Amino acid sequence: MMIKKVHYVLHPKHESDDDYLSDSGIKTDLANEFGHGHEMSLPEFAEVLKEQYNDAPEDITEQLANAGVISISGDGKVKIN
């Protein structure tokens, strides 16, 4: 009997932006935890993401801004919408 080597290539699943935002619950969690209109500095917001959503994609801040969940002002403030 011959043994054949088989190579499996695993491809990471590429989720769409909306999948992560919806599946993680981050869209509603931020407003529930901080309240609509709450503002914080960008480094403070990055720390919240790091602590609570450590599995988030690298561009999570941009995804949240594009989805209208947050707004980032020119002076580095993040507002929860």
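Contact here means that heavy atoms lie within 4.5 Å of each other. The exercises below concern a predicted model.

**Exercise 1. Determine which residues threonine 61 touches beyond its sequence neighbours, and whether threonine 61 is buried or exposed.**

Step 1. Threonine 61 belongs to helix H4, which spans residues 60–66.

Step 2. With residues up to four places away in sequence left out, threonine 61 touches Leu42, Phe45, Leu49, Ile70 and Ile72.

Step 3. The relative accessible area of threonine 61 is 19%. Buried means under 20%, so threonine 61 counts as buried.

**Exercise 2. Describe the secondary structure of the protein chain and state what share of its residues is buried.**

Step 1. The protein chain contains four helices and three strands.

Step 2. Along the sequence these elements follow the order α-α-β-α-α-β-β.

Step 3. The chain has 81 residues, of which 25% count as buried. Its exposed surface is about 6,200 Å², with carbon and sulfur atoms supplying 51% of that area.

Step 4. For contacts between residues at least 6 apart in sequence, 60% join residues at least 24 apart.

**Exercise 3. Show how the buried residues of helices H2 and H3 are arranged around their axes.**

Step 1. In helix H2 (residues 26–34), the buried residues are Ile26, Leu30 and Ala31. They lie on the same side of H2, because the arc they cover around the axis is only 130°.

Step 2. In H3, which comprises residues 42–52, the buried residues are Phe45, Val48 and Leu49. These fall within an arc of 95° when seen down the axis, and therefore line one face of the helix.

Step 3. The spacing follows a general rule: an α-helix has 3.6 residues a turn, so residues three or four places apart point the same way.

Step 4. The other side of H3 carries the exposed residues Pro43, Lys50 and Glu51.

Step 5. The cover over the buried residues of H3 includes H2, strand S1 (39–41), H4, strand S2 (70–72) and S3.

**Exercise 4. Identify the elements that supply the largest nonpolar core, and trace the contacts of isoleucine 70.**

Step 1. The largest nonpolar core has 17 residues. Those with the most contacts inside this core are Ile26, Leu30, Phe45, Leu49, Ile60, Leu64 and Ile70.

Step 2. At least two residues of the core come from each of helix H1 (17–24), H2, H3, H4 and strand S3 (77–80).

Step 3. Apart from neighbours within four places in sequence, isoleucine 70 is in contact with Leu30, Phe45, Thr61, Leu64, Ala65, Val78, Lys79, Ile80 and Asn81.

**Exercise 5. Examine the two ends of H3: what does the side chain of serine 41 reach at the start, and which side chain does glutamine 52 meet?**

Step 1. At the start of H3, a side-chain oxygen of serine 41 comes to within 3.2 Å of the backbone nitrogen of glutamate 44.

Step 2. Glutamine 52 is also part of H3. Its relative accessible area is 37%, so glutamine 52 is partly exposed.

Step 3. The side chains of glutamine 52 and glutamate 33 make a polar contact at 3.1 Å. From C-alpha to C-alpha, glutamine 52 is 9.3 Å from isoleucine 26, although 26 residues separate the two in sequence.

**Exercise 6. Follow the chain after H2 and find the contacts of histidine 38.**

Step 1. Glycine 35 follows H2 and has a positive phi, near 90°.

Step 2. Histidine 38 lies in the loop between H2 and S1. With a relative accessible area of 30%, histidine 38 is partly exposed.

Step 3. Outside four places in sequence, histidine 38 is in contact with Val78, Lys79 and Ile80. The C-alpha atoms of histidine 38 and valine 78 are separated by 8.2 Å, at 40 residues apart along the chain.

**Exercise 7. Establish where the pLDDT stays under 50.**

Step 1. The average pLDDT of the protein chain is 84, and 78% of the residues score at least 70.

Step 2. Over residues 4–15 the pLDDT stays under 50. For this segment, the model has one contact beyond four places in sequence.

Notes. Residues are numbered from 1 along each chain as its sequence is written. This is a predicted model: local features need pLDDT of at least 70, side-chain atom pairs count only at pLDDT 80 or more; totals for chains, interfaces and linings use all residues. Side-chain values use heavy atoms; hydrogens and water are left out. Buried means under 20% relative accessible area, exposed over 50%, partly exposed in between (1.4 Å probe, protein chains only). Accessible areas come from the Shrake-Rupley method with a 1.4 Å probe; for residues, only the protein chains shown count as cover. A polar contact is a pair of N or O atoms within 3.5 Å; within protein, one must be able to donate a hydrogen and the other to accept it, and residues adjacent in sequence count only if both atoms are side-chain atoms. The arc is that of the directions from the helix axis to the C-beta atoms. A nonpolar core is a set of buried Ala, Val, Leu, Ile, Met, Phe, Trp, Tyr and Cys residues joined through side-chain atoms within 4.5 Å. pLDDT is the predictor's confidence in each residue, from 0 to 100.
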